[in-house]
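Trainee: Could you walk me through this model, one feature at a time? I would like to learn how to read each one.

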Amino acid sequence: MQNCNLEFIGEVMRNASVALLSIKNVIEKVDHAELRAELRSEYEKYDAFIEELKSYMNEKGYEIKDVSKMKKMMMWSAIKMNVAVDDSRTHVAQIMVKGTVMGITELTKILNESHCVTDEKLKEFASELIHLEEEYEQNLKKFL
């Protein structure tokens, strides 16, 4: 069961970390003040979520694994290339909405398949992140 809990929480942590990294990679290219403010707000909330999750993981003795350097590099280059082609408000919002929807989908899937997870608090973290990302999706759609 411990292994199932670790795999589950690892996926939740990766999801939040990828979102944080994506925002970090795109925000510097955003000229639109309202979109930049939205992304900054999302960044701060993801960061706070990750810190709370890390704290819980440390408390429970769950090993924290970071997103691999290769995945970070691939994300960085994909986002930079995509934004280099078109850094308009609409295009950046579209990229971020797609990433957010992908995150919601992945989290919902792992939550629905979490039959072996014995730590209910881990499921609460996943549900909280889904809720945050659904809110971000709606907020970002305003910029499309």
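**Reading a helical chain**

Mentor: Let us begin at a helix end: H2 is followed by Gly-61, whose phi is positive, near 80 degrees. Helices here are DSSP runs of H or I with at least four residues, strands are E runs of at least two, and both are numbered from the N terminus. Before we go on, this is a predicted model, in which local features need pLDDT of at least 70, side-chain atom pairs count only at pLDDT 80 or more, and totals for chains, interfaces and linings use all residues. Residues are numbered from 1 along each chain as its sequence is written, and side-chain values use heavy atoms, with hydrogens and water left out.

Trainee: How many helices and strands does the protein chain have?

Mentor: The protein chain has five helices and zero strands. Read from the N terminus, the order is α-α-α-α-α.

Trainee: What share of the residues in the protein chain is buried?

Mentor: Buried means under 20% relative accessible area, exposed over 50%, and partly exposed in between, with a 1.4 Å probe and protein chains only. Here, buried residues make up 43% of the 144 residues. As single cases, Asn-5 counts as buried at 2% relative accessibility, whereas Ala-33 is exposed, with a relative accessible area of 60%. Asn-5 is in helix H1, and Ala-33 is in helix H2.

Trainee: Which residues is Asn-5 in contact with, leaving aside its neighbours within four places in sequence?

Mentor: A contact means heavy atoms within 4.5 Å. With those neighbours set aside, Asn-5 is in contact with Tyr-62, Cys-116, Val-117, Thr-118, Asp-119 and Leu-122. For the chain as a whole, take the contacts with a separation of 6 or more: residues 24 or more positions apart account for 80% of them. You can also look at C-alpha distances: Ala-33 and Arg-89 are 56 residues apart in sequence and 9.6 Å apart in space, C-alpha to C-alpha.

Trainee: Which residues have the most contacts inside the largest nonpolar core?

Mentor: A nonpolar core is a set of buried Ala, Val, Leu, Ile, Met, Phe, Trp, Tyr and Cys residues joined through side-chain atoms within 4.5 Å. The largest one has 39 residues, and those with the most contacts inside it are Val-12, Leu-39, Tyr-46, Phe-49, Leu-53, Met-96 and Leu-129. Two or more residues come from each of helix H1 (2-27), helix H2 (33-60), helix H4 (89-112) and helix H5 (120-141). H1 gives the most, with 11 residues. To follow one residue, pick Leu-39: leaving aside neighbours within four places in sequence, Leu-39 is in contact with Ile-23, Val-26, Ile-27, Val-30, Val-92, Met-96 and Leu-140.

Trainee: What do the buried residues of H2 pack against?

Mentor: They pack against H1, H4 and H5. The buried residues of H2 include Leu-35, Glu-38, Leu-39, Glu-42 and Tyr-46. You can check the length of H2 too. The expected span of a helix is 1.5 Å times one less than its number of residues. The 28 residues of H2 should span 40 Å, and its end C-alpha atoms are 41 Å apart, which agrees.

Trainee: At what angle do the axes of H1 and H4 cross?

Mentor: Two packed helices are described by the angle between their axes and the distance between the axes. Axes are lines fitted to C-alpha atoms, for helices over the stretch in contact, and angles run from 0 to 180 degrees between N-to-C directions. The axes of H1 and H4 come within 10 Å and cross at roughly 175 degrees. H1 and H4 are therefore roughly antiparallel; that label applies to angles over 145 degrees, while under 35 is roughly parallel, 65 to 115 roughly perpendicular and the rest oblique. The contact includes Phe-8 and Val-12 of H1 and Met-96 and Leu-107 of H4.

Trainee: How many salt bridges are there?

Mentor: A salt bridge is a side-chain nitrogen of Lys or Arg within 4 Å of a carboxyl oxygen of Asp or Glu. By this rule there are five. In one of them, Glu-135 pairs with Lys-45, the closest N and O atoms being 3.5 Å apart. Glu-135 lies in helix H5 and Lys-45 in helix H2, so the pair ties together parts that are 90 residues apart in sequence. Another joins Lys-141 and Glu-137 at 3.3 Å, and both of these lie in helix H5, four residues apart, about one turn of the helix.
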